[in-house]
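Colleague: I would like to go through this model step by step. Please give the reasoning before each answer.

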Amino acid sequence: MFDIGFWEFALIGIIALVVVGPERMPSIARAAGKYAGKAKRFIAKIQEDVSEELEVDKFKEQLSAMDKDANIVEILDETKKDIKDIKTDVKKTTT
């Protein structure tokens, strides 16, 4: 996500230590860790939701394709029945 390495974190830590002082640094570090964890869980939840939506879309496409196939089979069955009916009618009229 972010391309931050060890030296960037070290520089941020040193600047924070100078700005807030050594007394408040542990509580700020805990708060930063807590917010980083919340952000990570939030991003993971969003990724999970997007993944689920993609799966639902794929499932809908599969159902649509299956429905089209089912319609084709029904049409073929009806056509076969009609052809049989026509054949029996032709046989009846010729005999």
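**Reading the predicted model**

Modeller: This is a predicted model. To start with one residue, Asp49 has a relative accessibility of 31%, so Asp49 counts as partly exposed.

Colleague: Which residue forms a salt bridge with Asp49?

Modeller: Side chains of opposite charge can pair when their charged atoms come close. For Asp49 the closest N and O atoms of the pair are 3.4 Å apart, and the cut-off for a salt bridge is within 4 Å. The two partners are four residues apart in helix α2, which means that about one helical turn separates Asp49 from its partner. The partner of Asp49 is Lys45.

Colleague: Is Lys45 buried, partly exposed or exposed?

Modeller: Buried means under 20% relative accessible area and exposed means over 50%. Lys45 has 43% relative accessibility, so Lys45 counts as partly exposed.

Colleague: How many salt bridges does the count come to?

Modeller: The pair of Asp49 and Lys45 is a salt bridge. By the rule used here, the count comes to one.

Colleague: How many helices and how many strands are there in the protein chain?

Modeller: Helix α1 covers 6-20, and helix α2 covers residues 25-94. Pro22 lies in the loop between α1 and α2. The count for the protein chain is two helices and zero strands.

Colleague: Why is the protein chain described as more spread out than a compact globule?

Modeller: The C-alpha trace spans about 110 × 20 × 10 Å along its principal axes. For 95 residues the globule rule gives 12 Å, and the protein chain is well over that, so it is more spread out than a compact globule; its radius of gyration is 34 Å.

Colleague: What separation do the C-alpha atoms of Pro22 and Asp67 have?

Modeller: Pro22 is in the loop between the two helices, and its 59% relative accessibility means that Pro22 counts as exposed. Along the chain, Pro22 and Asp67 are 45 residues apart. The separation of their C-alpha atoms is 67 Å.

Colleague: What share of the 95 residues in the protein chain is buried?

Modeller: The cut-off for buried is under 20% relative accessible area. The protein chain exposes about 8,900 Å², and carbon and sulfur atoms supply 65% of this area. The buried share of the residues is 2%.

Colleague: Which residues make the nonpolar surface patch?

Modeller: This patch has an area of about 450 Å². One of its members, Leu54, is placed in helix α2. The patch is made by Phe42, Ile43, Ile46, Val50 and Leu54.

Colleague: Which residues gather in the patch of negative charge?

Modeller: Glu74 is one of them, and Glu74 lies in helix α2. Its relative accessible area is 45%, so Glu74 is partly exposed. The patch on the surface consists of Asp67, Glu74, Asp77, Glu78, Asp82, Asp85 and Asp89.

Colleague: Which residues gather in the patch of positive charge?

Modeller: Lys80 is among them, and Lys80 lies in helix α2. With 55% relative accessibility, Lys80 is over the 50% cut-off and therefore counts as exposed. The residues of this surface patch are Lys80, Lys84, Lys87 and Lys91.

Methods
Residues are numbered from 1 along each chain as its sequence is written. This is a predicted model: local features need pLDDT of at least 70, side-chain atom pairs count only at pLDDT 80 or more; totals for chains, interfaces and linings use all residues. Side-chain values use heavy atoms; hydrogens and water are left out. Patches are made of residues with over 30% relative accessible area and no salt bridge: like charges are joined within 9 Å, nonpolar side chains (Val, Leu, Ile, Met, Phe, Trp, Tyr) within 5 Å. Accessible areas come from the Shrake-Rupley method with a 1.4 Å probe; for residues, only the protein chains shown count as cover. A salt bridge is a side-chain nitrogen of Lys or Arg within 4 Å of a carboxyl oxygen of Asp or Glu. Lys and Arg count as positive and Asp and Glu as negative; His and the chain ends are not counted. The place of a charge is taken as NZ of Lys, CZ of Arg, CG of Asp or CD of Glu. Buried means under 20% relative accessible area, exposed over 50%, partly exposed in between (1.4 Å probe, protein chains only). The radius of gyration is taken over C-alpha atoms; the globule rule is 2.2 Å times the number of residues to the power 0.38.
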